[in-house]
Amino acid sequence: MAQILDDISRTFDEFLLVPGLTTAEHTPNNVSLRAPIAKYRPADGPPTKVLNTPFVSAAMQAVSGDELAIALARRGGAAFIFCSQPIEEQVKMVRLVKEHKAGFVVSDSNLSPDVPLSAALELRERTGHSTIAITTDGKNSSKLVGLLTSKDYWEFKDDLSRPIRDFFTPVEKLVLAKEGTTLTEATELLWKNKKECLPIIDEAGNLKSLVFRKDYFDHKSNPDELTDEQKRLFVGGALNSFDHVERGSALVEAGADCLCFDSSDGYTEWQKKAVCELREALGARAEEVPIGGGNVVSKEGFDFLVREAGVDFVKVGIGGGSICITREQKGIGRGQASAVLEVAAARDAYCKETGIYVPLCSDGGLNNDTNIMMALAMGSDFVMMGKYFAMTAESPTPTLTYRGRLYKPYWGEGSRRARNWQRYKQSEKKELVFEEGVDAYVPFSGALADKVASTVTKLKATMCNVGVLDLKELHENARITRVSEMTLVEGGTSNVEQLDRVYTEGH
């Protein structure tokens with residue numbers, strides 16, 4: 001007969017955190033939300049691959065485009081660009097994120113000195129870049145001869161047919177730095193010389209990169225910004241288990257900082273085979289780019305992915321997403337709280353046995369900020385969210401108006417709209433036989449930065465109430481209690497009436 005587990009499948013809403021001692025040091029400014037995104041040995045020191053904010057966006061067509069990836073990285077989190085699209089399109093999105101802002105920018109707006117000024121205006125219109133590097137042949141790695149900025153010409157008064165050499169600032173009049181200059185040194189040169197742009201050249205005078213003043217101020221305005229070693233924004237890429245080698249190699253080549261298999265069920269031989277094949281194909285690069293696996297909801301699933309496949313982090317959750325109907329359609333899944341608690345226990349046991357800590361990502365079942373807090377308290381290192389980010393201005397879908405309210409389209413990767421049949425392997429047919437996700441709409445919530453800032457403020461305030469200063473302390477010291485139905489009633493408003501505020505003359 002079937003094995004019946006001796007527990008109840010529970011959700012985050014069935015638990016509350018019990019406050020701990022809040023001391024003078026427990027203030028929001030002292031709280032760190034940094035979280036590991038790759039396995040490491042605690043005995044060797046703190047993790048080196050981390051998120052500054054423990055949020056990642058779901059690998060979904062309606063969520064993780066390049067614009068959202070940029071906005072989330074600037075707030076300390078990371079997006080996983082969706083893989084249910086052609087490889088070249090996913091690679092293009094990753095490149096757009098990596099090229100958006102960097103300490104050392106490889107110039108992609110370059111012209112030769114012999115082309116007409118009109119070519120500069122056309123390039124500015126196409127790229128939005130007002131600073132153009134002028135090189136001998138118009139390529140980004142050729143000998144630098146000058147810079148052309150919007151201050152060098154008047155487009156409505158100057159003759160646009162004249163060559164650019166009549167307008168640009170020649171290299172002899174520029175402030176330059178040699179290849180090998182650090183970003184701090186480059187920033188100092190910009191500041192001391194009151195310049196907007198600093199070209200970096202090699203010994204032969206060839207252009208290597210550009211450093212911009214605005215990038216310095218932009219970074220200072222986003223102190224939690226998540227970047228790579230070259231100060232480029234951090235971005236992840238999602239993978240499937242049928243073109244993973246080609247796709248994964250292309251994403252790493254494009255600069256992806258992290259990869260993750262996007263699967264509704266990661267406890268499979270398919271995923272183990274895919275992870276191993278990808279690592280072999282990447283070779284030495286596999287050590288630099290974390291590869292995540294999932295999704296699982298049990299100790300056995302965790303052990304399989306970590307011990308057999310060797311993934312760098314594990315995603316937890318099946319059927320808990322707001323547009324996921326896997327549980328309804330297939331009877332498969334588990335309450336997200338129960339899944340996180342069991343997998344976190346398996347993670348801790350594995351760490352005690354091997355000395356290796358494997359981060360967990362809670363994916364699904366997060367209906368509000370309180371659920372996020374509970375997922376972290378129960379052992380997750382970071383959370384993956386779809387609806388939360390689909391509601392923001394930066395998600396890839398258009399904003400629509402319905403009955404006076406703003407909405408954004410939101411659909412699951414298991415819906416027919418996603419055309420992502422490969423993810424589910426329901427039959428031998430190359431199509432979805434039945435849907436595991438719905439096509440819906442979510443209320444528009446505004447800018448991602450404002451939403452994340454609000455959630456982060458709540459998380460830090462709660463951690464002060466619990467008496468912890470980082471996620472490691474939260475995992476070790478959080479005390480959690482089950483709640484009854486009446487506790488939920490008691491926790492809400494009661495015996496009061498909330499009236500809409502009415503503004504009348506004289507008030």
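Let me start with helices α8 and α10 in this predicted model, where α8, covering residues 299–309, and α10, covering residues 336–354, pack with their axes 8 Å apart and at an angle of about 45°. That angle lies outside the range under 35 degrees that counts as roughly parallel, and α8 and α10 are therefore described as oblique to each other. The crossing of this pair is right-handed. On the α8 side the contact is made by Lys299, Glu300, Phe302, Val306 and Arg307, and on the α10 side by Glu342, Val343, Ala346, Arg347, Tyr350 and Glu353. Sorted by class, this contact holds 6 charged and 5 nonpolar residues, with no polar ones.

Staying with α8, I turn to its other partner in my notes, helix α7, which spans residues 269–282 and packs against α8 at an angle of about 30°, the axes being 10 Å apart. Because angles under 35 degrees count as roughly parallel, α7 and α8 fall into that class, and their crossing is right-handed. From α7 the contact takes Glu269, Gln271, Lys272, Val275 and Cys276, while α8 contributes Phe304, Leu305, Glu308 and Ala309. By class, the contact of α7 with α8 has 5 nonpolar residues, 3 charged and 1 polar.

The next pair is α2 and α6, whose axes are 9 Å apart at an angle of about 20°, so that these two helices are also roughly parallel to each other. Here α2 passes α6 in a right-handed crossing. The residues that make the contact are Ile87, Gln90, Val91, Val94, Arg95 and Lys98 of α2, together with Glu246, Arg247, Ala250, Leu251 and Ala254 of α6. They divide into 6 nonpolar, 4 charged and 1 polar.

That brings me to the largest pocket, which holds about 1300 Å³ of space. It is lined by 47 residues, and those closest to its centre are Val105, Thr131, Cys197, Leu210 and Phe212. Two or more lining residues come from each of α2 (87–100), β11 (197–201), β12 (207–212), α5 (213–221) and α6 (244–254), so both helices of the pair I have just described appear among the elements of this lining. Which element gives the most to the lining of the largest pocket? It is α2, with 5 residues. As for the chemical make-up of the lining, which may matter to this audience, its residues divide into 18 charged, 15 polar and 14 nonpolar.

Note on methods
Residues numbered from 1 in each chain as written. Predicted model: local features only at pLDDT ≥ 70, side-chain atom pairs only at ≥ 80, totals over all residues. Heavy atoms only, no water. 1 Å grid on protein atoms, 1.4 Å probe; cavity = no way out; pocket = protein on both sides within 12 Å on 5 of 7 lines; lining within 4 Å. Points joined across faces, edges and corners; volume = space filled by probe spheres on them. Helix = DSSP H or I, 4+ residues; strand = E, 2+ residues; numbered from the N terminus. Nonpolar A, V, L, I, M, F, W, Y, C, P; charged D, E, K, R; others polar. Axes fitted to C-alpha atoms, helices over the stretch in contact; angles between N-to-C directions. Parallel < 35°, antiparallel > 145°, perpendicular 65-115°, else oblique. Left-handed = near helix turned anticlockwise from the far one by under 90°. Contact = heavy atoms within 4.5 Å.
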